[in-house]
Amino acid sequence: MEGTWMQWHHKQPVQVISSHLLEEILGSMRKQEVLREEEFSLVQGASSPTQKVKVLIDLLAGKGSRGSPTGQDFIENSTAQLSLHSTIYDSGMQKHLEVLLSKYGVSVDLGLLSEKAASERLTNLLLVEGLTDLQLKEHDFTQIEATRGQRHVSKTIPLERLFLPLSKVSIPPRISVTVGVAGIGKTTLVTLYVSMWARREISKDISLVLPLNFRELNVYEKLSAERLIRSAFPHISETELTYLGSGQVLMILDGLDEFKVPLDFSNAVACTDPKKEIPVDNLVTNIIRGNLFPEVSVWVTSRPTAAGQIPGGLVDRMTEIRGFNELEIQSYLNQMFPDSRDLPGQILTQVQANKALYLMCTVPSFCWLCGTVLGYLVRNGLGWQTSELAPPRTLSEIYAWYFKMALCGEGQDKLRESPRIEQAVHSGRKMMGTLGRLAFHGLLRKKYVFYEQDMKAFGVDLPLLQSSLCGHFLLQEETPASSAYCFIHLTLQEFAAAAYYYSAAKRAIFDLFTESRMSWPKLGFLTHFRNAVQRALQEDNGQLDVFLRFLSGFLSPQVNSLLAGWFLGRDEHSSYRAQAVAHLQGYLRADASISSRTVNTLRCLHELQHTELARSVEEALKSESLAGLLDPMHCSALAYLLQVSEVCAQETNLTRCLNYAILKSLLPQLLYCRNLRLDNNQFQDNVMELLGSVLSSKDCHIQKISLAENQIHSKGAKALARSLLVNRSLTVLDLRSNSIGPQGAKALADSLKINRVLVSLSLQNNAIKDDGAKFIADALMVNHMLSVLHLQKNAIGPPGAKPIADALKKNGTLKELMFSSNSIGNDGSKALAEALKVNQGLITLDLQSNSISDAGLAALTRALCSNQTLLSLNLRENSISPEGALEIASALRSNQALQNLDLTANLLHDEGTQAIAAAVKENRILRTLHLQWNFIQAKAAKALGQALQFNQSLTSLDLQENAIGDEGVMALARALKMNTSLTALYLQVASIGVLGAQALGEALAVNRTLEILDLRGNSIGAAGAKAMANALKTNPSLRMLNLQENSLGMDGAICIATALSSNHGLQHVNLQGNHIGESGARMISETIKTNAPDCIVEM
């Protein structure tokens, strides 16, 4: 072999030297003075055993300036032990890789989880900060439904970095936990990772991966750490076990939720002896605690509820697998049906039409089941042709179809025409009697994996397990000691359990939930149904929620029609259904907090197809008429709708309908509303304490909340402020028209110094005054998230405006500042102007009604000459004179950013407007210009008309309430014949008569860009209407025409209506207030409907 040992084996030492061996090597080198003191310290200062070895190898190989030739001689002359380790490592590792590839290297079965469809989703995990209360306490389905399938997480981590430090100063995680609901792909993720590692495509710094699953551990009662490894990996030799002492080994524990006993970290006896046999649950707790294999990294996967058994202090990194998004659902369906181009689209359309089913389809295994059913129905023309076989609308109907499809044989063209129907019915009943009983008692024991001894105990025939029929429901996996079986998905176990309970309840005389069957007699199906409801409501973790839904679903007409003759009697549901509905609704009358169990009761009613209660509340939501309707039963229905209704999906509007008691009962469900409007509910400070507790919760998903027009004072603002210190979801807070005052503003400002999520805050009309503005300014100095701030109507003068201006000089994130209806005056304007010279972030500034005169305006316009970021400036209702207009004109000539300028209700007169018009003629940036109520007459209108002939940037011009008359309008009309940019022209109450209308008509016949023309409150008369009508016959661009209050009379209105037969672009016409009369209005309305059915007309 040519070259030194180090040249050939520089990688192996990093992989094979254990901590113990490393200490021996370092000790020997120090004795022989091979390592200098500074080199020894350098090695010992490394962060992990792996890094220590790397530093040592770098030193000895001479890769750094600190390399020691003596060290190289030592390693080259002392390689016997290392060479032996390397040789053993190479041969043993090759065998291990072959074993892993044979077990994990195959593609994942498309029938359950598509690796191709999921690879992007699985290789980028959500990085989360622990489990939420919802995840710890609720059923998987409830977690998806409550959050609408979306987890509010901003950080992700690539799979290849899952076991690496997050930063240069952090260390790798020892204990990593990945959670996901049942069927989301946890085991698929492990398979993907192990196969990629075995091919050396990922985590190359990890020398050994040991994948284990809890199904294998379930067959043991006692086990030692060493025997655990030997049993699971018999190909690993005694010598290779020494590698477990290094920090380069990853142990995977997949499926904690399938472990037969709960982990008890509080009472588990500590064990550090790897040879000692201890109970298997103690073995797991000691591995996780680090008492055993302390330098081995451990990766645990689990459903969220079971993951909560591991104390948070032991978990170094927690990740979560997200569900499918819409594109991934579509891609998954395409892969399920590769031979059909149209079928996946038809299935997706059907799924999207049912929000509940669509949410569940974010879980891959449910998407597979749902796609299998809907694909079967579409292909065979079932479920769409008759009311008896309507498309599935509930979970119970989907699973009933799946069971019937599987029991009859998927290849049958028509289920009812199967020649094997009698045999299928017999097999189906037999299977439900055995597997259903197994499923039910497994559910009670929280047991989801079954072994051959379990099958025998519940009378399940082993030959049945090998049948293709059973393959539709169970997965089989070989473990070292026994075959393990589990239902394809948890919900299939719950459905089978409900089917068993339904059948058994009709003849049982004792409590079916008592395994000993020793109980007071319980006779009749309804008695057992009530008992099941009672048991489900008593479960804190929702374990029986979906079971109860399926049990209720068996009482629906649709499910009975599907499964009649199998394990349901035809029409037998009719004798139970009404009483079951009454019993379920009885639990909605309690005057208490509405829990997830209560919401599940509404879901049970939905499965029963009793939707009247929910429908009545949904209609009230749509019409905003909930006030007075919210008794406890309707509140429960509202809580249910918060999760399922499309009315609440974009915005949950609970304006003017709540009080303290109702809000308190709804709190657990409000957590998951994303956009919440609680305006005008007369809420006081005590309600803010309640909302603060919601916003402080880790489960909180609220992103926008509006509390406008309530009775919130400083105490309530302080409660909200405390919640903002910890809240991670709220981005928009609207507190308009309350009374938080300066102290309330101080509390919110203090929270903004810490909060890094809120981007929009409205404190309009809250009497915060100058002191409050100063507190807000202090927050703006350090806050770099807030982009929208509304401070209108707060009695803020120059003393408050100046600190805000000073903050703007340092703050570069605020984009919109609304300061209207205060009293900042010229001094405040000057301060803000100085800020605009420096600030390069503000886009919108609203200074309406602030007592600003020409002096303040001059400062602002000078700032505009240098500012290149402000896009919108509102100066309405101030005291700007013609002299001030000259300053504005000067700024418009030099500024290259301002796009929207509002000068409404000032004192510009013709002189000032003419100056602005001359600037507009040259300006190439301005988009909208508001000049209404400025004493403008024809002379200025002519100047504006001349400007429009040259300007090609202005899109909207507002001249309403200015007496420009026909002469002024004719000038504007001439401009419209040439202008190609203006899309909106507002001329309300502008003293326009027939001549002006005729001029506009001529312009519209030529113009191809104007879309909005507002002539309300003029006097164009019938003759003017006729001119406009003639223009409409040829004009292709106009979309909205307002001729309200123009003395058109019947003749003028008919002209407009008739013209619409030739115009197909107009979408809205207002003809109100034109003395047409009721009969005339009806006739014209009918004419317009005939001539332009898509046009909206106001009469």
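## A tour from helix H16 to the cysteines

Begin by selecting helix H16, residues 326-336, in this predicted model, and colour its buried residues, which are Glu328, Ile329, Tyr332, Leu333, Gln335 and Met336. If you then look down the axis of H16, these buried residues fall within an arc of 160°, so they line one face of the helix. The general background is that an α-helix has 3.6 residues a turn, so residues three or four places apart point the same way. Before leaving H16, add asparagine 325, which caps the N-terminal end of the helix through a side-chain oxygen lying 3.2 Å from the backbone nitrogen of leucine 327.

Next, turn to the sheet. Select its seven strands, which form an open sheet with mixed pairing, and follow them in the order S2-S1-S9-S3-S8-S6-S4. At the edges you will find strand S2 (156-158) and strand S4 (208-213), each of which pairs on one side only. Viewed across the sheet, neighbouring strands are turned by 25° against each other on average, with direction ignored. Within this sheet, isolate strand S3 (residues 175-179) and strand S9 (residues 317-320), which pair in the parallel sense over four bridges; show threonine 178 as sticks together with threonine 319, its bridge partner in S9.

With the sheet still displayed, bring in helix H11, residues 186-198, which lies across strand S1 (124-128), S3, S4, strand S6 (249-254) and strand S8 (297-302). Compare the direction of H11 with that of S6, to which the helix runs at about 155°.

Stay on H11 and select serine 195, which is found in this helix. Is serine 195 buried or exposed? Its relative accessible area is 5%, and because the cut-off for burial is under 20%, serine 195 counts as buried. The side chain of serine 195 reaches the backbone oxygen of leucine 192 at 2.9 Å. Leaving aside neighbours within four places in sequence, serine 195 is in contact with Leu101, Tyr104 and Gly105, so these three residues should be added to the view.

Finish with the cysteines. How many disulfides does the structure hold? It holds zero, and cysteine 657 illustrates this, since the nearest cysteine sulfur, that of cysteine 635, is 8.9 Å away. Cysteine 657 counts as buried at 10% relative accessibility, whereas cysteine 865, the last stop, is partly exposed with a relative accessible area of 35%.

Notes:
Residues numbered from 1 in each chain as written. Predicted model: local features only at pLDDT ≥ 70, side-chain atom pairs only at ≥ 80, totals over all residues. Heavy atoms only, no water. Buried < 20%, exposed > 50% of the residue type's maximum accessible area, 1.4 Å probe, protein only. Helix = DSSP H or I, 4+ residues; strand = E, 2+ residues; numbered from the N terminus. Arc of directions from axis to C-beta. Polar contact = N/O pair within 3.5 Å; in protein donor to acceptor, adjacent residues only side chain to side chain. Disulfide = S-S within 2.5 Å. Pairing = 2+ DSSP bridges. Axes fitted to C-alpha atoms, helices over the stretch in contact; angles between N-to-C directions. Contact = heavy atoms within 4.5 Å.
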